[in-house]
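Student: Could you take me slowly through one part of this structure, and then show me how that part fits into its surroundings? I would like to follow it step by step.

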Amino acid sequence: MKNRHKLWGALILLAGLHGLVLFAGFFAPYGSAAQERELPFAPPTRIHFVDARGKFHARPFVYGLKDDPQAIGSFAVDATRIYPVHFFVQGSSYKIAGVFPSHVHLFGATAPGRIFLLGSDEYGRDQFTRFLYGGQVSLAAGLIAAALSVLLGVIVGALAGFYGGWIDEVLMRGGELFLALPWLYLLFAVRAALPLHVAQWQVFLLLIAVIGLVGWARPARLIRGVVLSAKERNFVVAARAFGASDAYLLRRHVLPQTYGVILTQMALLVPQYVLAEVTLTFLGLGVGEPMPSWGSLLASLQQYYVLSSYWWMFLPAALLIPVFLAYYMAADALQERLKTVPL
Amino acid sequence: MRYLTRRVLNAMLLLAAISAFSFALLQSAPGNFFDAMRLNPRVSAQTVDGLRSKYGMNQPFPVRYGHWAFSVLKGDMGFSFSYNSPVGPLLWARARNTLLLTSIATLLAWLLAIPLGIWSAANKGRWGDRACGFSTSALLTIPDLLVFLILLLLAVRTGWFPTGGMISTGFDNFSFWSKCKDVAVHFALPAVGLAVVTWPVLVRHIRSAMVEALESPFIRAARGHGIPRTRLLFRYALPAASNPLISLLGFSVATMLSASVIVEVIMSWPGLGPLMVQAILSRDVYVVVAVVMLSSVFLVAGNLLADVLLFVSDPRIRVE
């Protein structure tokens with residue numbers, strides 16, 4: 001595969017995934033907290049075109065569910081009634097990208113039919129809906145934390161590389177401290193230093209701050225390396241000789257040379273930090289119910305009966321793979337393209 | 001020798017800095033173990049204050065750090081409020097379990113990765129190498145959590161493996177042979193899980209180090225002399241490629257320890273991970289500090305070990 005194709009493929013995949021998550025309200029058929037208590041752990045709903053009598057329907061439809069007489073606690077398909085699937089249906093209200101109120105959903109089954117693309121959880125909440133809304137939390141956490149880390153890395157790395165001397169020594173020794181701790185333990189330590197029981201959005205901000213603050217050392221090291229070589233380039237030395245100030249030199253000549261490293265680092269750090277959020281939440285140290293996140297979607301798998309009986313509870317975890325794949329592909333392609341320092 | 005002394009001193013300083021840093025971080029945490037007691041109407045405020053002063057929580061920071069550092073040197077590593085005992089004895093058994101698990105997993109991962117990496121580098125560009133590259137990148141994108149959960153599912157569904165713990169009940173009465181078998185069966189899943197998670201990165205690094213070694217001029221010269229391929233690979237190229245791999249061994253301790261936390265929680269392995277998560281949730285600060293310290297000791301020790309190995313294997317470093 002050509003590098004250009006790889007990069008574009010990764011970018012398109014990323015744009016699609018992020019669009020899906022950003023407009024979760026539109027793509028998801030239900031609200032993120034909507035429960036259907038009668039249908040806990042319903043299996044993924046199959047979309048049909050041909051009904052039980054062999055008649056073809058141009059409009060796709062779904063069947064309802066009834067209690068399975070053979071196995072208590074599970075459901076069987078009730079093929080007596082069909083519920084057609086409609087597009088652009090009116091449903092629960094939400095805000096488009098968090099701003100404009102709307103209540104149009106991309107698809108939905110005629111009530112009382114229900115459409116659970118990835119099945120439902122123990123409260124009968126649609127897993128697909130929760131996956132999309134959970135992405136808002138997890139991806140935002142990953143993106144903002146990565147931006148924070150890289151920003152800190154740029155500041156520290158630029159100062160250390162540009163000024164050298166004792167500043168460099170102090171900053172890089174501090175970085176060594178952060179690199180010398182296994183990152184998950186460090187993450188735990190910082191998380192332990194913060195309050196446990198606060199409002200959900202505060203937990204979310206705390207998580208971002210923790211993850212972002214813990215990871216600054218690696219980007220700082222890489223950026224310091226680039227700055228070290230960048231400030232010795234002839235045109236930078238010439239600009240300095242013409243009397244350019246440090247701030248001007250950094251902004252105009254040195255930092256632009258680090259863009260490649262910054263982009264690659266972002267692409268590498270985002271999936272890592274999404275995973276960090278998922279792990280913390282999975283272990284009960286992140287955001288909690290009712291706020292969905294990719295970590296809390298997986299947390300129910302810690303119970304053996306969920307793990308062994310309901311295979312569709314694994315689907316959200318499996319859907320993380322394309323997200324990570326897209327980011328790694330982008331990082332890979334960027335790295336090749338920009339010929340930056342390999343990790 | 002000066003090289004080694006410098007490395008050891010550096011490691012010591014680093015550990016001292018980490019101890020101060022993590023202690024300060026955890027001491028500045030809002031809320032403490034006794035806050036939950038304040039909510040209990042049957043515990044008077046005087047009792048809570050008494051407990052606080054008993055454990056020295058109302059003393060200034062340097063004093064507390066001094067006390068703590070002293071107890072670390074004694075081997076107590078502070079006092080656990082929720083276990084009502086010094087942290088040290090709590091820690092050693094769990095640290096042993098974590099170390100056992102991670103070292104077996106490390107061994108497994110390297111034993112699998114080295115032959116594959118070498119083979120892949122020797123067949124660079126052919127379909128075998130491509131398939132290997134593809135499968136390692138595919139494995140890289142699978143989240144650790146998912147790997148561990150799938151292994152747990154395997155244990156729950158098939159019943160071939162225990163779903164958690166390190167020994168079965170009634171372990172003390174087993175014969176020696178069944179004791180060994182019991183522990184091995186308990187080790188299988190967590191160790192395989194950890195190996196699977198760290199393995200793809202290792203293969204990639206080994207491959208790239210070998211490719212670099214194989215493309216260097218002295219290998220071409222050796223090939224020109226008609227030295228057989230196997231001998232060329234193992235006797236000539238592998239030692240030349242070993243330097244970055246030894247450093248990688250030091251670094252991989254960190255990845256292994258982090259992944260180990262997750263696997264320990266999921267498979268209820270009696271190691272440091274579950275202890276730490278519990279301690280964070282109950283605000284048992286000294287346990288958290290001790291686990292963080294211990295994990296960084298492991299990591300620093302891993303890097304030090306890599307330095308020593310480099311010193312032994314590479315004459316260039318000895319000359320410097």
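Tutor: Let us begin with a pair of helices in this predicted model: the axes of H5(A) and of helix H1 of chain B, which covers residues 2-27, come within 8 Å and cross at roughly 35°. On the H5(A) side the residues are A:Ala189, A:Val190 and A:Ala192, and in H1(B) they meet B:Ser22, B:Leu25 and B:Leu26. Sorted by class, this contact of H5(A) with H1(B) has five nonpolar residues and one polar residue, with no charged residues.

The helix pair belongs to the contact between the chains, which takes 33 residues from chain A and 40 residues from chain B. Several helices of chain A each supply at least two residues of the side that touches chain B, among them H4 (165-179), H5 (183-192) and H10 (259-282), and H5(A) gives the most, with eight residues. This side of chain A has 28 nonpolar, three polar and two charged residues.

Turning to H1(B), we can look inside chain B, where the domain assignment gives domain 1 (2-87) and domain 2 (90-318). The centres of these two domains of chain B, taken over C-alpha atoms, are separated by 32 Å, and 25 residues of domain 1 are in contact with 21 residues of domain 2. On the side of domain 1 of chain B that touches domain 2, H1 and strand E1 (79-80) each supply at least two residues, while the largest share, 12 residues, comes from H1(B). The residues of this side of domain 1 divide into 16 nonpolar, eight polar and one charged.

Methods: Residues numbered from 1 in each chain as written. Chains lettered and ligands numbered in written order. Predicted model: local features only at pLDDT ≥ 70, side-chain atom pairs only at ≥ 80, totals over all residues. Contact = placed C-beta atoms within 7 Å. Helix = DSSP H or I, 4+ residues; strand = E, 2+ residues; numbered from the N terminus. Nonpolar A, V, L, I, M, F, W, Y, C, P; charged D, E, K, R; others polar. Axes fitted to C-alpha atoms, helices over the stretch in contact; angles between N-to-C directions. Domains from an automatic or database assignment.
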